[in-house]
Amino acid sequence: MGVEICVEGLTKSFGHQVIWQDVSLTLPAGEVSVMLGPSGTGKSVFLKTLVGLLKPDRGCVKVAGRDITRLREHDLYEVRKLFGVLFQDGALFGSMNLYDNIAFPLREHTRKSESQIRRIVLEKMDMVGLIGSEGKLPGEISGGMRKRAGLARALVLDPEIILFDEPDSGLDPVRVAYLNQLIVDLNAQIDATFLIVTHDIASARQVPDNIGLLFRRELVMFGPREQLLTSDEPVVRQFLNGRMQGPIGMAEEKDAAQVEQELARLGDMDRKARHVGNDMTPRLLPSPGITRPPRWEAIARRESELHRKEAADA
């Protein structure tokens with residue numbers, strides 16, 4: 001079972017440049033969450049802060065109830081064992097074959113025998129569909145296979161939290177679809193807490209339980225995917241629909257007057273679309289034979305959100 005991550009009042013800057021400020025959210029245990037945002041909004045910095053690779057200026061990150069921003073290095077090392085990370089390029093060692101790449105964390109951080117390591121490595125390779133490719137080098141395989149190998153390596157220590165840094169970067173739409181299904185299936189199988197940083201809107205609509213959006217150095221929204229997909233927030237509508245009209249510009253933020261004019265020209269098209277259900281892309285389900293365990297807290301939270309929305313619309 002995954003663990004909850006609670007972020008409170010998190011602020012990070014480099015010199016005089018504020019990356020984001022006063023970010024607060026809770027990543028529910030065992031659920032898949034996605035963090036969206038235009039380029040340069042600090043999504044990857046947010047991931048590195050969650051795992052303790054970067055220290056925030058203010059705020060706290062509680063992992064399983066422990067604030068990692070105040071832990072000593074030894075204690076932080078222990079908490080990091082809860083994490084697995086899939087980096088953008090897979091971060092594989094080019095001179096090692098896939099088997100040795102995936103076995104590397106086990107050999108570095110455990111005292112398991114080679115027979116135990118082999119059992120674990122082959123189990124994880126099977127989970128991501130790489131059985132038979134053990135002897136291949138990273139340079140001999142496709143980008144999609146490198147992503148899957150990186151994911152298998154992230155899984156070998158049985159983490160309770162997995163962070164994905166733009167897992168779809170460099171992949172064609174078909175490989176992205178396969179990767180999305182793999183993520184959903186893995187979450188159902190191991191029930192860890194997943195956080196995915198991505199630009200891919202189709203993935204954001206189909207994969208997560210929860211969606212967040214960073215913009216203008218702030219967390220605009222974070223909540224159940226249904227809440228974000230039906231939101232009236234202009235920047236959320238613009239980003240999820242991939243359109244030019246809205247607060248996000250090509251190189252910098254637009255001024256308020258320009259945004260107001262653009263949104264006025266759109267009229268009530270968005271509201272009409274939501275009424276006919278165009279925004280609610282179906283969520284990906286686990287593959288046949290893989291059963292996702294019921295999450296009663298999540299179900300209760302979504303019912304509460306639905307009742308609150310119905311009361312507000314009444």
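**Group meeting: helix H4, strand S8 and the sheet around Gly9**

Let me begin with a single side chain, Val121, which, leaving aside residues up to four places away in sequence, touches Tyr99, Ile102, Ala103 and Leu106. I should say at once that what we have on the screen is a predicted model, so please take everything that follows as a description of that model.

Val121 also belongs to the largest nonpolar core, which has 51 residues, and it is listed there with Leu36, Leu151, Phe164 and Phe194 as the members that touch the most others. Helix H6 gives the most to this core, with 6 residues. Apart from it lies another core, of 28 residues, among them Leu27, Phe46, Leu195 and Phe222.

For context, the protein chain holds 12 helices and 10 strands, and of its 314 residues 48% count as buried. If we take the contacts in the chain with a separation of 6 or more, 66% of them are accounted for by residues 24 or more positions apart.

Now to helix H4, residues 114-127. With 14 residues at 1.5 Å a residue, H4 should span 20 Å, and the end C-alpha atoms are indeed 20 Å apart, which agrees. Which residues of H4 are buried? They are Ile117, Ile120, Val121, Lys124, Met125 and Met127. These residues cover an arc of only 155 degrees around the axis, and therefore they sit on the same side of H4. The general background is that an α-helix has 3.6 residues a turn, so residues three or four places apart point the same way. The face turned away from the buried side of H4 carries the exposed residues Ser115, Arg119 and Asp126, while the buried residues pack against helix H3 (98-109), helix H5 (143-155) and helix H6 (173-190). After H4 comes Gly129, whose phi is positive, near 75 degrees.

From H6 we can pass to strand S8, since S7, H6 and S8 make a right-handed β-α-β unit. Strand S8 covers residues 193-197, and because 5 of its 5 residues are buried, S8 is largely enclosed by the rest of the structure. Thr193, Leu195 and Val197 point one way from the strand, whereas Phe194 and Ile196 point the other way, and all are buried.

What are the pairings of S8? Strand S7 (residues 161-165) is joined to S8 by 5 bridges, and the two run parallel; Val197 is the bridge partner of Asp165. Strand S3 (residues 32-36) also pairs with S8 in the parallel sense, over 4 bridges, and here Met35 stands opposite Val197.

I would like to close with another sheet, an open one of 4 strands with the order S2-S1-S4-S5 and antiparallel pairing. Its edge strands are strand S2 (17-27) and strand S5 (66-67), each of which pairs on one side only. Strand S4 (residues 58-63) and S5 pair in the antiparallel sense over 2 bridges, with Lys62 standing opposite Asp67 in S5.

Within this sheet, Gly9 has its place in strand S1 (residues 5-14). Gly9 and Gln21 are 12 residues apart in sequence, yet 7.2 Å apart in space, C-alpha to C-alpha. Leaving aside residues up to four places away in sequence, Gly9 touches Asp22, Val23, Ser24, Arg58 and Gly59.

Note on methods. Residues are numbered from 1 along each chain as its sequence is written. This is a predicted model: local features need pLDDT of at least 70, side-chain atom pairs count only at pLDDT 80 or more; totals for chains, interfaces and linings use all residues. Side-chain values use heavy atoms; hydrogens and water are left out. The expected span of a helix is 1.5 Å times one less than its number of residues. Buried means under 20% relative accessible area, exposed over 50%, partly exposed in between (1.4 Å probe, protein chains only). The arc is that of the directions from the helix axis to the C-beta atoms. Contact means heavy atoms within 4.5 Å. Two strands pair if DSSP finds at least two bridges between them. A crossover is right-handed if, with the strands pointing away from the viewer, the path from the first strand over the helix to the second runs clockwise. A nonpolar core is a set of buried Ala, Val, Leu, Ile, Met, Phe, Trp, Tyr and Cys residues joined through side-chain atoms within 4.5 Å.
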